[in-house]
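The following note sets out several points on strand pairing and side-chain contacts for a colleague's consideration. Please read each point alongside the coordinates.

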Amino acid sequence: MFTGIVAELGEVAGIEQRGDAARLTIRGSTEGVSPGESIAVNGVCLTVAGILDGTFTADVMGETLDRSSLGGLTPGAPVNLEQSVRLADRLGGHLVQGHVDGTGTIISRSPAEHWDQVRITLPASISRYVVHKGSIAVDGISLTVSALGPPGGETWFEVCLIPETLKRTTMGTRQPGDVVNLEVDVIAKYVERLLNGEANQ
C-alpha cells in the first residue's frame with residue numbers, strides 16, 4: 001500500500017528484455033530497502049529483486065507491461081519512486097495500491113504563474129470512479145481532480161500541479177502526448193461491487 005506522495009525522482013539505469021517480461025534496474029535511494037519489499041515505480045507496485053550500488057532491480061511481467069506505461073521506459077528516463085507505507089506512517093495522500101487501472105494521455109498543459117493545469121484522457125472503462133474533487137493517482141502521484149469532461153462527451157479530467165509537485169515528480173516535465181499510469185480510488189470500486197452484489201441477490 002502507498003500514499004501517492006512521491007519520495008524522490010529516480011532514473012532508469014537499465015532494461016533487460018526477457019521475452020514477455022522485463023527486468024528494470026532503477027537508480028534511487030535504497031536505504032532501508034530489502035529484497036522482497038515493494039516500491040512504486042511511476043505508480044506501479046514492483047517487488048525489489050536485488051540491490052547493488054545505489055540501484056535496485058525489479059521484474060515486470062507481461063500483464064504489467066501491457067497495462068501500464070512501464071513498457072515504454074528507456075534508460076535515463078526519470079521515474080517517480082515511493083516505498084510502501086508502514087501502518088504507523090502518516091497518510092499524506094490517499095490509499096494507493098500500485099495496481100494500475102489504465103493509462104491516459106496528456107492532452108494539454110496550461111502554465112499559470114505558480115501552478116500548472118494539466119488535462120489527461122480518461123478511459124471510459126474507469127471514468128465512473130473519478131469524481132470532481134476526488135483523488136486519482138497519476139504515475140503514482142496522489143492528485144485532486146479539479147475538472148471533468150462533460151457527461152456524454154470526451155472523457156478527460158484535469159489536475160492542478162503546485163510547484164512542489166512540479167519540482168519533485170515527473171509531472172514537471174510531462175508534455176502533451178505523453179502516456180501516464182492511472183489508478184482510481186479503490187474504495188469506489190469496492191462500493192460498486194458491494195452495491196451490485198446486493199442488487200443481484
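1. The model is predicted, and the points below should be read in that light. A suitable place to begin is a single pairing position: Arg 23 has Asp 59 of strand S5 as its bridge partner. The two strands concerned, S2 and S5, are antiparallel and share six bridges.

2. The pairing of S2 on its other recorded side involves S1. Strand S2 covers residues 21-27, and seven bridges connect S2 to S1 in the antiparallel sense. Within this pairing, Gln 17 is placed opposite Ala 22 of S2. The hairpin formed by S1 and S2 has two residues between the strands, and Gly 19 adopts a positive phi near 65 degrees there.

3. How do these strands fit into the wider sheet? Six strands, in the order S1-S2-S5-S4-S3-S6, close into a barrel with antiparallel pairing. On average, neighbouring strands of this sheet are turned by 45 degrees against each other, with direction ignored. As background, the strands of a sheet pair through backbone hydrogen bonds, in either a parallel or an antiparallel manner.

4. Side-chain charges add a further set of contacts, and the count of salt bridges is twelve. One of them joins Arg 18 to Asp 59, with an N to O distance of 3.7 Å. Because Arg 18 belongs to strand S1 (residues 8-18) and Asp 59 to strand S5 (residues 55-60), this pair ties together parts that are 41 residues apart in sequence. Arg 18 is partly exposed, at 39% relative accessibility. Asp 59 is likewise partly exposed, with a relative accessible area of 39%.

5. The contact between Arg 18 and Asp 59 should be considered with its surroundings. A network of salt bridges links Glu 16, Arg 18, Arg 23 and Asp 59. Arg 23 and Asp 59 thus appear in two descriptions: they are members of this network, and they are also bridge partners in the pairing of strands.

6. Is the salt-bridged pair Arg 174 and Asp 139 buried or exposed? Both residues are buried. Their side chains meet in a salt bridge at 2.7 Å, N to O. Arg 174 is in the loop between helix H2 (163-168) and strand S12 (179-184), while Asp 139 is in the loop between strand S9 (135-138) and strand S10 (141-148), so the pair ties together parts that are 35 residues apart in sequence.

7. A local case is found in helix H2, where Glu 164 and Lys 167 are three residues apart, about one turn of the helix. Their salt bridge has its closest N and O atoms 3.7 Å apart. Glu 164 is partly exposed, at 39% relative accessible area, whereas Lys 167 is exposed, at 62% relative accessibility.

8. The final point concerns aromatic rings. How many aromatic pairs are counted? The count is zero. The ring of Trp 156 nevertheless has a charged partner: the charged end of Arg 119 sits over this ring, 3.5 Å from its centre.

Methods:
Residues numbered from 1 in each chain as written. Predicted model: local features only at pLDDT ≥ 70, side-chain atom pairs only at ≥ 80, totals over all residues. Heavy atoms only, no water. Salt bridge = Lys/Arg side-chain N within 4 Å of Asp/Glu carboxyl O. Helix = DSSP H or I, 4+ residues; strand = E, 2+ residues; numbered from the N terminus. Buried < 20%, exposed > 50% of the residue type's maximum accessible area, 1.4 Å probe, protein only. Phe/Tyr/Trp six-rings, centres within 6.5 Å; stacked < 30°, edge-to-face > 60°. Lys NZ or Arg CZ within 6 Å of the ring centre and 35° of its normal. Pairing = 2+ DSSP bridges. Axes fitted to C-alpha atoms, helices over the stretch in contact; angles between N-to-C directions.
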